[in-house]
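Let's take a walk through this fold, one piece at a time. Keep the viewer open and rotate along as you read.

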Amino acid sequence: MQRYGFVVSSGCKLLLGHTTGGHGENRCTVSDPLHSQQCSGRHWTVIKGGADPGETPLQTALREFTEETSVSLSVEEPGDIKAQYTLPNGKVVSLFFYEDEGQLLAEVDKMKCTSMLADGQPEIDAHKFFSLEEAKQVCLWNQEHLFCEPWHQNRKDETMVYPTKDATV
């Protein structure tokens, strides 16, 4: 299943959501020993999710952002998808870029996820803006490449396509 979302920047800070308990495709388990040390304490993620039937990539990204932050983005011209990568489970994640003019940064403490897990907990239990360097340190291991300097500097000019993260690296 294709997943779509946003990399949201406010000045030099990037918005990430904290996954509740490090669940789902991002969870590190005993059966995943290669990544358990890499993942330890790294449960911050870009806001993204799967498409509902009939949705366009942009509609999916906007709906997921609203569900996971309780904020509706106003996107007049989203541009093209700016980053793509493949999760170890084969799901492709495609991300749009959104430049915040300070409104989201000011409201980050009021953000609330309305999308719930099977156990009734929210998918995202906290939201925070991080510097580029901080984002590389706290993001899920399969997203750290999203916060490299070249992509951040060229985010509006070109699409970055990342190879599948090799489990043996």
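Strand 1 and strand 2 run antiparallel and are joined by 2 bridges. This is a predicted model, by the way, so treat everything here as computed from its coordinates. The two strands make a hairpin with 2 residues between them, and Gly11 in that turn takes a positive phi of about 65°. If you want a place to put your cursor, Ser9 has Leu14 in strand 2 as its bridge partner.

Strand 2 has other partners too. It runs antiparallel to strand 7, and 7 bridges hold that pairing; look for Thr19, whose partner in strand 7 is Ile124. Strand 3 (residues 44-45) is also antiparallel to strand 2, with 2 bridges between them, and there His18 stands opposite Trp44. How many residues of strand 2 are buried? The count is 6 of the 7, so the strand is largely enclosed by the rest of the structure.

Trp44 leads us straight to the aromatics. A search of the whole structure turns up 4 aromatic pairs. Take Phe6 and Phe96: their ring centres sit 5.8 Å apart and the planes make an angle of 40°, so this pair is tilted. It ties together distant parts of the chain, with Phe6 in strand 1 and Phe96 in strand 6, 90 residues apart. Both of these Phe residues are buried. Now for Trp44 and Phe130: here the centres are 4.9 Å apart and the planes are at 75°, so the pair is edge-to-face. This one is a long-range link as well, going from Trp44 in strand 3 to Phe130 in strand 7, 86 residues apart. Trp44 and Phe130 are both buried. There is also an aromatic cluster, made up of Phe6, Phe65, Phe96 and Tyr98.

Phe65 is a handy bridge to the next stop, since it is one of the buried residues of helix 2. The others on that list are Thr60, Ala61, Arg63, Glu64, Glu68 and Thr69. What do the buried residues of helix 2 pack against? They touch strand 1 (3-10), strand 2 (13-19), strand 4 (47-50), strand 6 (92-100), helix 3 (103-107) and strand 7 (124-131). You can do a quick sanity check on the geometry of this helix: with 13 residues (57-69) at 1.5 Å a residue, it should span 18 Å, and its end C-alpha atoms are indeed 18 Å apart. Just after the helix, Ser70 takes a positive phi of about 65°.

Helix 2 also brings us to the charges. Side chains of opposite charge can pair when their charged atoms come close. This structure holds 6 salt bridges. In one of them, Glu67 meets Arg63, with the closest N and O atoms 3.1 Å apart. Both residues belong to helix 2 and lie 4 residues apart, about one turn of the helix. An α-helix has 3.6 residues a turn, so residues three or four places apart point the same way. Is each partner buried or exposed? Arg63 has a relative accessible area of 18%, so it counts as buried, while Glu67, at 25%, is partly exposed.

Helix 4 (residues 132-138) has a similar arrangement to look at, with Lys136 and Glu133 placed 3 residues apart, about one turn. Their side chains meet in a salt bridge of 3.3 Å, N to O. Lys136 is partly exposed at 23% relative accessibility, and Glu133 is partly exposed at 46%. Elsewhere, salt bridges that share partners join Asp52, Glu55, Arg63, Glu64 and Glu67 into one network. A further salt bridge links Glu107 and Lys110 at 3.6 Å, N to O; Glu107 is partly exposed at 34%, whereas Lys110 is exposed at 63%.

Now zoom out to the whole chain. It has 5 helices and 8 strands, and along the sequence they follow the pattern β-β-α-β-β-α-β-β-α-β-α-α-β. Of the 169 residues, 44% are buried. Among contacts with a separation of 6 or more, 72% come from residues 24 or more positions apart. The accessible surface comes to about 8,600 Å², and carbon and sulfur atoms make up 51% of that.

Methods:
Residues numbered from 1 in each chain as written. Predicted model: local features only at pLDDT ≥ 70, side-chain atom pairs only at ≥ 80, totals over all residues. Heavy atoms only, no water. Expected span 1.5 Å × (residues − 1). Buried < 20%, exposed > 50% of the residue type's maximum accessible area, 1.4 Å probe, protein only. Contact = heavy atoms within 4.5 Å. Areas by Shrake-Rupley, 256 points an atom, 1.4 Å probe, with all protein chains shown as cover. Salt bridge = Lys/Arg side-chain N within 4 Å of Asp/Glu carboxyl O. Pairing = 2+ DSSP bridges. Phe/Tyr/Trp six-rings, centres within 6.5 Å; stacked < 30°, edge-to-face > 60°.
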